[in-house]
Amino acid sequence: MTEPTEPMEPGPRPDAARPDAPHPDSAAGPSQPREADRLRAILRSPGYLKALAFSAFVGIPVSLVAFWFLAGLHALEHAVWVSLPHAMGRDAPPWWWPLPLLLIAGVIVALVVTHLPGAGGHIPAAGLSAGGSPPAALPGVLIAAAAGLPLGAVLGPEAPLIALGGGLALLLRDLTRAPTSPMTTALLGAAGAGAAIAAIFGNPLVAAVLLIEVAGVGGPELFAVMLPALLSSGIGSLVFTGFGRWTGLGTGKLGLKVAGAPPRLDAGDVLWAVVIAVGCALLMRPVLFMARRVSVFVSRSTLPRTVVCALGAAACTALYALITGRSSAEAALSGQATLAQLAADPHAWGIGALIAVLLFKGVAYALCLGSLRGGPIFPALFLGAAAGVLVAPLPGLGVAPAMAAGMAATAVSVMRLPVSSVVLVILLLGSSAMMPVAILAAVIAFVITELLPELPPLPTPAPRPGPPANAEAGRGP
């Protein structure tokens, strides 16, 4: 891991004849050669090269475990929410279906938190973590995820996967008796987490970008420099594309021609994207505030209060089904499958159903963030997509730009990772045509989120048996 960059202050180079003498490399800045030498020294160190080689080996078993973990969660979810209701002669789960399921999930997760090392992973309201869990905490992480996610918890599998991937990498290091040092621990934890994230998103670039931002490499200065660059690139893309359409002139493109015309951005899409970003950032704030309060509430008496919060989330999803006549699965679970259905046929959702799913899934999401175990990404993406579809009938606004802006805004409001949010949205949409709108919405929502008052603090974890977690807390809500 590279050390923090030193401030680039003007000063004499050690090889200069005079303090004010020009040097051929002076335009590059005096600190860059020192940084380059430092990087070469790190790359040439035996410990780093061994950790790099071991990371290549770690990616194979971690990816296999991540695959079967995700496949198992999907099979359990399908059995509980599709196969079992069909066996009972129902086309969809009854409205009360989430109540017994989340009751069971709350009890199991509470027992894991109170009795197993690692407490089943970190509280989802804290955001994402850059590293994995210690090997002793892996059973608790697996049990909590398997008990909560398929049974209706409004959370995603990404946080357990990060903990699982990093923990497996450290376990393999211990089993092979590889050298242990703070550097190898950090590198292998990141390598395992990256392999696991790439498995769920199907893209190694997403894993790299996400881990860079979660780890906070470069500190606040990275975000301060990155936001103007991100925003100017998005605005520049809009201007460049607009001039190409208005003038009919071409400059040559570095890209591939894909069958099917991508949706086109208009001025209305860009203007509404600003409004959507502001609205989503402000609407997600009470969700995150409630999640923090729930986490403090649960910490004072974990077992009964975790069950109460799980039942509260179940009541929200049951009420959604009872009021709308639609499946309770739309308001429960991570929203990953429902997001695909929403994108494929947004007109199948009426205004009432969209408002109801935003309300009831939003409250259930806040309760699960503060009490159960899982990741915050997929429910946030679904809420943003639903908000985009809800406002898409506005004049001058299309469905695709509205969804892109909504997903980028809610994702960055929850994760506070602007570049990762844009990359995730573009990956989900399968086209870069909406990238300028996603960038604009992500930057605006990020700035608003950072300027709003601080959220309530998370509870201090109580000491419990087992080795302490070595994962460094990442940026989160």
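**Exercise 1. In this predicted model, find which residue forms a salt bridge with Arg326, and decide for each partner whether it counts as buried, partly exposed or exposed.**

Solution. Begin with the pair itself: Arg326 forms a salt bridge with Glu330, and the closest N and O atoms of the two are 2.9 Å apart. Next, recall that side chains of opposite charge can pair when their charged atoms come close. Then turn to accessibility, where buried means under 20% relative accessible area and exposed means over 50%, with partly exposed in between. Arg326 has a relative accessibility of 24%, and therefore counts as partly exposed. Glu330 has a relative accessibility of 10%, so this residue counts as buried.

**Exercise 2. State how many salt bridges the structure holds, and work out which parts of the chain are tied together by the one between Glu450 and Arg416.**

Solution. The structure holds two salt bridges. In the one considered here, Glu450 pairs with Arg416, with 2.7 Å between the closest N and O atoms. To place the partners, note that Glu450 belongs to helix α16 (residues 435-451), whereas Arg416 sits in the loop between α14 and α15, so the pair ties together parts that are 34 residues apart in sequence. As for accessibility, Glu450 is partly exposed because its relative accessible area is 28%, while Arg416, at 18% relative accessibility, counts as buried.

**Exercise 3. Identify the buried residues of helix α11, explain why they lie on the same side of this helix, and find what they pack against.**

Solution. Helix α11 spans residues 336-344, and its buried residues are Thr338, Leu339 and Leu342. These residues cover an arc of only 105° around the axis, which is why they are on the same side of α11. The buried residues of α11 pack against four helices, namely α12 (351-371), α13 (377-391), α14 (399-415) and α15 (418-429). Taking Thr338 as an example, its relative accessibility is 8%, so it counts as buried. If residues up to four places away in sequence are not counted, Thr338 touches Ala329, Glu330, Trp349 and Phe382.

**Exercise 4. Determine which members of the largest nonpolar core touch the most other members, and list the contacts of Phe201.**

Solution. The largest nonpolar core has 123 residues, and of these Phe201 and Tyr365 touch the most other members. The largest share of this core comes from helix α9 (residues 267-299), which contributes 12 residues. Finally, leaving aside neighbours within four places in sequence, Phe201 is in contact with Val206, Leu210, Ile377, Phe378, Leu424 and Leu427.

Methods. Residues are numbered from 1 along each chain as its sequence is written. This is a predicted model: local features need pLDDT of at least 70, side-chain atom pairs count only at pLDDT 80 or more; totals for chains, interfaces and linings use all residues. Side-chain values use heavy atoms; hydrogens and water are left out. Buried means under 20% relative accessible area, exposed over 50%, partly exposed in between (1.4 Å probe, protein chains only). Helices (H or I, at least four residues) and strands (E, at least two) are DSSP runs, numbered from the N terminus. The arc is that of the directions from the helix axis to the C-beta atoms. Contact means heavy atoms within 4.5 Å. A salt bridge is a side-chain nitrogen of Lys or Arg within 4 Å of a carboxyl oxygen of Asp or Glu. A nonpolar core is a set of buried Ala, Val, Leu, Ile, Met, Phe, Trp, Tyr and Cys residues joined through side-chain atoms within 4.5 Å.
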